[in-house]
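The following questions and answers concern the packing, the enclosed space and the backbone geometry of one protein model. Please consult the structure alongside them.

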Amino acid sequence: MTDITRAIAAATSVAASLDLPADDALVLHNSNRLALRLTPCDVLARVAPVGQEDAQLEVELAQRLAQVGCPTGLLEPRVEPRVHSRDGFTVTLWSYYEPVSPHAAPLDYAKALEQLHAGMRKVDVPSPRFTARIAQAEGIVANPELSPKLDNTDRVFLSRRLASLRRTIEDRGAEEQLLHGEPHPGNVLNTKHGPLFIDLETCCRGPVEFDLAHVTETVCEHYPNVDQGLLDECRQLVLAMVAAWRWELGDQLPNGRRFGEELLRSLRDGPPWPTLATVTRRLVGP
């Protein structure tokens, strides 16, 4: 059985054990985790190999954020909110939301992100600082065994840029708070309830500009009191971190190598710094 087949079997087995009929599973997304729509119970299942997820943190955080009215996807209300282990996978069950359109309007997106940040300031949970994600990227770049296809010139360039951006952003001393970590369009559902943020496993602490660096320019234009200089630095940082992940051995993103090359090119081209969404559109279209 393939990993995807095994993951689907694990998710449907968990659902059946909880009296949620799951005769079929539609793959909605497959990256570091598999997102499945289980029917006819109409549940969203998120599945990951054991040891490669922060599922427990995500479940706890989702409950806390729901209590303060954050615009986030909710856990499946018909079962106990917990992480399930089955056949080498962790499975969490969530409410499924039918999208009303592919993309949220920029103003609605910005207001939802502002509401999310406001709610997150009310929640005190242990979470890593955004610099832990920089360290992860630096580790990939520094170790040729983890990034064997990255040539030495690019390796030196990317390593220096990551270190320089870390120092520059930290030296600003900006106010930090709990963040989503990756609130890009792929982690936002445009539903009849408005935009809802999902995939909370990337939550970290940092300046709000770190989150804004993941969204489009038009969304940022509607978000109040943005430090444009800090936002530009965070945009560079996001490009550099994602470039490192695209060169990691075993990266499963389709066309990941092309993304890695384009991200390096964008960093070398200089300002104005594109958003990650802009780079993505260059390669795959809107």
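Q: Which residues does Met241 touch, not counting residues up to four places away in sequence?
A: This is a predicted model, in which local features need pLDDT of at least 70 and side-chain atom pairs count only at pLDDT 80 or more, while totals for chains, interfaces and linings use all residues. Residues are numbered from 1 along each chain as its sequence is written, and side-chain values use heavy atoms, with hydrogens and water left out. With contact taken as heavy atoms within 4.5 Å, the residues touched by Met241 are Arg133, Ile134, Ala137, Leu162 and Phe210.

Q: Which helix gives the largest share of the largest nonpolar core?
A: A nonpolar core is a set of buried Ala, Val, Leu, Ile, Met, Phe, Trp, Tyr and Cys residues joined through side-chain atoms within 4.5 Å; buried means under 20% relative accessible area, exposed over 50% and partly exposed in between, for a 1.4 Å probe and protein chains only. The largest such core has 65 residues, and Met241 is among those that touch the most other members. Helices (H or I, at least four residues) and strands (E, at least two) are DSSP runs numbered from the N terminus. The largest share, 12 residues, comes from helix H8.

Q: What is the volume of the largest cavity?
A: On a 1 Å grid over the protein atoms alone, a cavity is a set of points where a 1.4 Å probe fits but cannot get out, and lining residues have an atom within 4 Å of a point. Grid points are joined across faces, edges and corners, and a volume is the space filled by probe spheres set on the points. The structure holds one cavity of 30 Å³ or more. The largest cavity is lined by 10 residues, with Arg33, Arg46, Ala55, Thr90 and Thr92 nearest its centre, and its volume is about 40 Å³.

Q: Which residue follows Thr39 across a cis peptide bond?
A: Most peptide bonds are trans. The bond that starts at Thr39 is cis, with omega near 10°. The residue that it leads to is found in strand S2 (residues 34-40), and is Pro40.

Q: Is Asp87 buried or exposed?
A: Asp87 lies in the loop between strand S4 (84-86) and S5. Its phi is near 55°, a positive value in a residue other than glycine. Because its relative accessible area is 57%, Asp87 is exposed.

Methods. On a 1 Å grid over the protein atoms alone, a cavity is a set of points where a 1.4 Å probe fits but cannot get out, and a pocket is an open set with protein on both sides within 12 Å along at least five of seven lines; lining residues have an atom within 4 Å of a point.
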